[in-house]
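Let's take a friendly walk through this model, with the sequence and structure side by side. Please have both in view as you read.

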Amino acid sequence: MTDAEQVEVGPGESGGESQAGTNAPPAPDEEVQQRLQGQKGRGRWWKRGALAAVIALVIGGVVVSQQSGDDEGPRYQSGHVVRGELAVTVAATGRLEAREMVDVGAEVSGRLLEVLVDHNDHVKAGQVLATIDTKRLDARAREASGQVRLARAELEGARAEAALRLEERDRVQTLAGRGLASDQALETAVAEARRAEAAVEMAKARASMAHAGLDAARDDVARAQIVAPIDGIVLARNVEPGQTLASSFQVPVLFQIARDLRELRLHVRVDEADVARVREGQTATFTVEAHPGREFPSRVVSLRNVPSIEQGVVSYEAVLAVQNEEGLLRPGMTATATIVTERVSDALLVPNAALRFLPLEQAKDDATQEESRGSRVSKDDEPRHRVWKLGEQGPEAVALSIGRSDGEQTEVLSGEIEVGMALLVDVEEAKP
């Protein structure tokens, strides 16, 4: 082996590497490690830069979105002009009552022996409802009967005395005509006859009074049986057997009887501001809490003239007829009635919210605000109002003249509006 062929094999080198030749010696380990570390560092910095760029784009997008949202301006809610029927109504509250209800009381005093009916029982006129002990009443009737007999006896005695005095008068008159009796004796006989006749009349009066007392006593005995005055149903029973009744100036109410619960009356209070529009014969509907969501028909049958004043508020009572064939309604229920005072057919209608609407720009001007919110502007003696529609430059005002309203829609009498036109009614709240 020559000197050129002798190659020292260092640590970490194999024989295969020595056979590759001497022209490309291998790189040292330190240089290779530095290159690898440099590549890893550049990869981490590239990833961090990309993440930062994405975050910047998201933040920029949010800012741009917010700025673009601010540039869009307010969003409006709208209602449309329609054509249809308008029902002008008056609202009132009251209570249902039976059409005819009678309070049955006791006209005599005594202890109740029995009560023969109960709540919700159907009764006929003349039917016995309860009975009162009649022992004391029977005693009074017997006493009155004795007074009648005594008065009759006194009347007979007075008549006999009167007959005697009349005969005496006639005899004295005959004697006086013959000159056998003095004038004084004749005058005395005439006076005695007159007194006797007066005594007869007094006896007749006492006999009549005695008969009246007997009739009253017998009537009290009969009234010890409390009977139904009408055909109907027992709404209330306020007594029990054994209870003692004391009848005085105020008759105690024992029973309440309604004639027929298939026909009721609704008594409502109408405010003085609305009473001029309510008339007999107008139709109405009402609701009760016992049947939510259901409306019952009714009709105005009477409007009372007597005012009711409560805490300075004046109202008048209106009576509505109610049919209760299904038996769903009961006396005493609280009802809220809606009386239709007028109907307008084929009317041009706008939402009431459109009449109350005011753009934000106009709210800065107090005078414009008062004008737009419903205060009337006189032009040619015609009441004018203002509504708003959305134009190219924003809300645009439309003047019109209005008529009647039902609380939700208002009749348009004149103005540059047409069916289907969208009118501004509110501004949508900005989303967070």
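## Nonpolar cores

In this predicted model, the largest nonpolar core is made up of 22 residues, and those with the most contacts inside it are Leu266, Phe286 and Leu329. Strand 2 (82-98), strand 11 (263-271), strand 12 (283-288), strand 13 (296-310), strand 14 (313-323) and strand 15 (334-351) each give two or more residues to this core. The largest share, four residues, comes from strand 11.

Which residues does Leu329 touch, leaving aside those up to four places away in sequence? They are Leu96, Leu264, Phe286, Val288, Phe296, Val322 and Asn324. A second, separate core has 21 residues, among them Ala106, Val115, Leu137 and Val239.

## An open sheet

Now for a four-stranded sheet: it is open, runs in the order 3-10-8-5, and its pairing is antiparallel. Strand 3 (101-105) and strand 5 (122-123) each have a single partner strand, so these two stand at the edges with one side left without a neighbour in the sheet.

Strand 5 pairs with strand 8 (residues 232-237) over two bridges, in the antiparallel sense. Here His122 stands opposite Ile233 in strand 8.

## Two positive phi values

Most residues other than glycine have a negative phi. Gln311, in the loop between strand 13 and strand 14, has a positive value instead, near 55 degrees. Gln311 counts as exposed because its relative accessibility is 85%, where the cut-off is over 50%.

Asp346 lies in strand 15, and its phi is also positive, near 55 degrees. With a relative accessibility of 56%, Asp346 counts as exposed.

Conventions
Residues are numbered from 1 along each chain as its sequence is written. This is a predicted model: local features need pLDDT of at least 70, side-chain atom pairs count only at pLDDT 80 or more; totals for chains, interfaces and linings use all residues. Side-chain values use heavy atoms; hydrogens and water are left out. A nonpolar core is a set of buried Ala, Val, Leu, Ile, Met, Phe, Trp, Tyr and Cys residues joined through side-chain atoms within 4.5 Å. Buried means under 20% relative accessible area, exposed over 50%, partly exposed in between (1.4 Å probe, protein chains only). Contact means heavy atoms within 4.5 Å. Two strands pair if DSSP finds at least two bridges between them.
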